[in-house]
Amino acid sequence: MTRPYIFSKADDPWSRIWFDTSPRHLAGPGDPRHVTQALRAGGWTNYADPAYPHIVLASPDFRHTLVLEPAADTYSAWWRISSQRWHASFGGNTPAEIIAGFTDALLLPAPVTEPYVWPTLQAAGWTYERDERGNESARHPDGITTMERRAPLTSDYFSWSAEVALPTGLGGHQRLWHAYFGDRTPRHLLAAFATALTDPAPVPRGHYDVPHSHLVTQVERGAQGEQLAAALHLIAAVTQSLADRTPIPRDPSRIPGLARDRMTVHTHHLPAPDIAFALERRVSTLAARHRPATTAPPPPHGPSPRRTR
C-alpha cells in the first residue's frame, strides 16, 4: 500500500533547510527524537494512547518513565521524567539536545561517586553564589540563564531549577524555558544536564525556527535531509552500544524500536562532516560517562552532595 503524503513535522529532516544555531540554550525546542530515539534504542517501550497526542515511555525495568504532553500554556511542563524516588520536568521550549543530555545518562551505569554540578557551570564561565541558608545558584554570562538549588523561606526542602527568562523592559521577565528537578534527583543526571546546557556546539534548526531569532546566530552549513536523520539514528545506536558495552552497530536501520518506513536509514546514508563532528562530540561525552568515575574535586562551597542508591 502506498503511504499517503501527510504534512507533518516528523518529516522535518527531509523538508527543511537546516542551520547551525548557537547558543544552544536559546535555540528553541528542536526535534524531540534527540530524546526519544535513544530511549527507544535502550529498550524503553511506548505505552501512549494512539488516539491522544502524547508519548509515554517506560524503561525495561519500569523504574523510570517519560511523558511528553504538549500544553497550550508555555509555562507548563511538557516533558515529565520520574522514578520511584525523584522527578524532573522541562518546558516546551527547552532544547531537546539539553534534555537528551539528562536522559542519555539514564541509559548508562551510575558512577560510583556522584559528580559535582557547579564546577561544570563555573568552568563554562558561569558565576556561582551561595547564601547563608545554603541556597546555591549559577548565572550564565548572558545574564538571562540561571541554574539554582534553593529552598523556600518556609521550608527546608530544596529543589533544583534552570531557567532562561528575558527582561520585558517593564521590570518583569518573560520565561523562555524552565527545568525543574527534585532534590533526590541523582547528581550524575544533574551533572549530565549541566554538561549539555554548557556545550558550545551548535544545534540544527530551521531558519528563524527559534523563539527569538535576534538572540542566536544561524549559519547554513549543517547536514540536510536524510543526513540529519542518519545522525539521529547513529546517536541512538551509539547510546545503546555504550549502555550494553557492545560494539557500535554499523547498520542503524537495525536499531530495535525505531520506525521502519521513511525513518529507516540505510548504510550508505552517512552524516555530513559537520554533523559527524557533532555526533563525535556526543559520543565522546557518553563514553566519558561510561568510564569508571574518578574521585571528584571538592565542591566550591558547602557540604558534599548526598549519594543516591
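Here is a short dialogue on reading this predicted model, from confidence to core, sheet and salt bridges.

Trainee: Before I look at any details, what is the mean pLDDT of the chain?

Mentor: A general habit to start with: where pLDDT is low, the predicted coordinates should not be read in detail. For this chain the mean is 77, and 66% of the residues reach 70 or more.

Trainee: Which elements have the lowest and the highest mean pLDDT?

Mentor: Helix α7, residues 273–290, has the lowest mean, at 46, while strand β8, residues 136–139, has the highest, at 97. Residues 289–298 have pLDDT below 50, and that stretch makes 15 contacts in the model beyond near neighbours in sequence. Residues 301–309 also stay under 50, with 17 contacts beyond four places in sequence.

Trainee: OK, on to the core. Which residues touch the most other members of the largest nonpolar core?

Mentor: The general idea is that in soluble globular proteins, nonpolar side chains tend to be buried together. Here the largest such core has 45 residues, and F90, F102, M147, W177, F181 and F193 touch the most other members. Helix α3, residues 96–106, is the top contributor, giving seven residues.

Trainee: Let me pick M147. What is it in contact with, leaving aside neighbours within four places in sequence?

Mentor: Quite a list for M147: among its contacts are V117, W118, L121 and W126, then E136, and further along W160, L190 and F193. Keep E136 in mind, as we'll meet that residue again.

Trainee: Now sheets. In what order do the three strands of the open sheet run?

Mentor: In general, strands of a sheet pair through backbone hydrogen bonds, either parallel or antiparallel. In this open sheet the order is β12-β1-β13, with antiparallel pairing. β12 (203–206) and β13 (217–219) are the edge strands with a single partner each, so each has one side without a neighbour in the sheet. From one strand to the next, the twist averages 45 degrees.

Trainee: How many bridges join β1 to β12?

Mentor: Four bridges link β1, residues 18–22, to β12. If you want a spot to click on, T21 stands opposite V203 in β12.

Trainee: Last topic: how many salt bridges does a search of the whole structure find?

Mentor: That search gives 10. Try R149 with E136, where the closest N and O atoms are 4.0 Å apart. R149 lies in strand β9 (residues 145–150) and E136 in strand β8, so this pair ties together parts that are 13 residues apart in sequence.

Trainee: Are those two residues buried or exposed?

Mentor: R149 is buried, at 16% relative accessible area, and E136 is buried too, at 7%. R149 also meets D183 in a salt bridge, at 3.1 Å from N to O. D183 sits in the loop between β11 (173–182) and α5 (187–198), so its pairing with R149 in β9 ties together parts 34 residues apart in sequence. D183 counts as buried as well, at 7% relative accessibility.

Trainee: And which residue forms a salt bridge with R175?

Mentor: That's E163, with the closest N and O atoms 2.9 Å apart. R175 is in strand β11 and E163 in strand β10 (residues 159–167), so the pair ties together parts 12 residues apart in sequence. R175 is partly exposed at 24% relative accessible area, as is E163 at 22%.

Trainee: Which residues are joined into one network by salt bridges that share partners?

Mentor: R130, E136, R149, D183 and R187.

How values were computed: Residues are numbered from 1 along each chain as its sequence is written. This is a predicted model: local features need pLDDT of at least 70, side-chain atom pairs count only at pLDDT 80 or more; totals for chains, interfaces and linings use all residues. Side-chain values use heavy atoms; hydrogens and water are left out. A nonpolar core is a set of buried Ala, Val, Leu, Ile, Met, Phe, Trp, Tyr and Cys residues joined through side-chain atoms within 4.5 Å. Buried means under 20% relative accessible area, exposed over 50%, partly exposed in between (1.4 Å probe, protein chains only). Helices (H or I, at least four residues) and strands (E, at least two) are DSSP runs, numbered from the N terminus. Contact means heavy atoms within 4.5 Å. Two strands pair if DSSP finds at least two bridges between them. Axes are lines fitted to C-alpha atoms, for helices over the stretch in contact, and angles run from 0 to 180 degrees between N-to-C directions. pLDDT is the predictor's confidence in each residue, from 0 to 100. A salt bridge is a side-chain nitrogen of Lys or Arg within 4 Å of a carboxyl oxygen of Asp or Glu.
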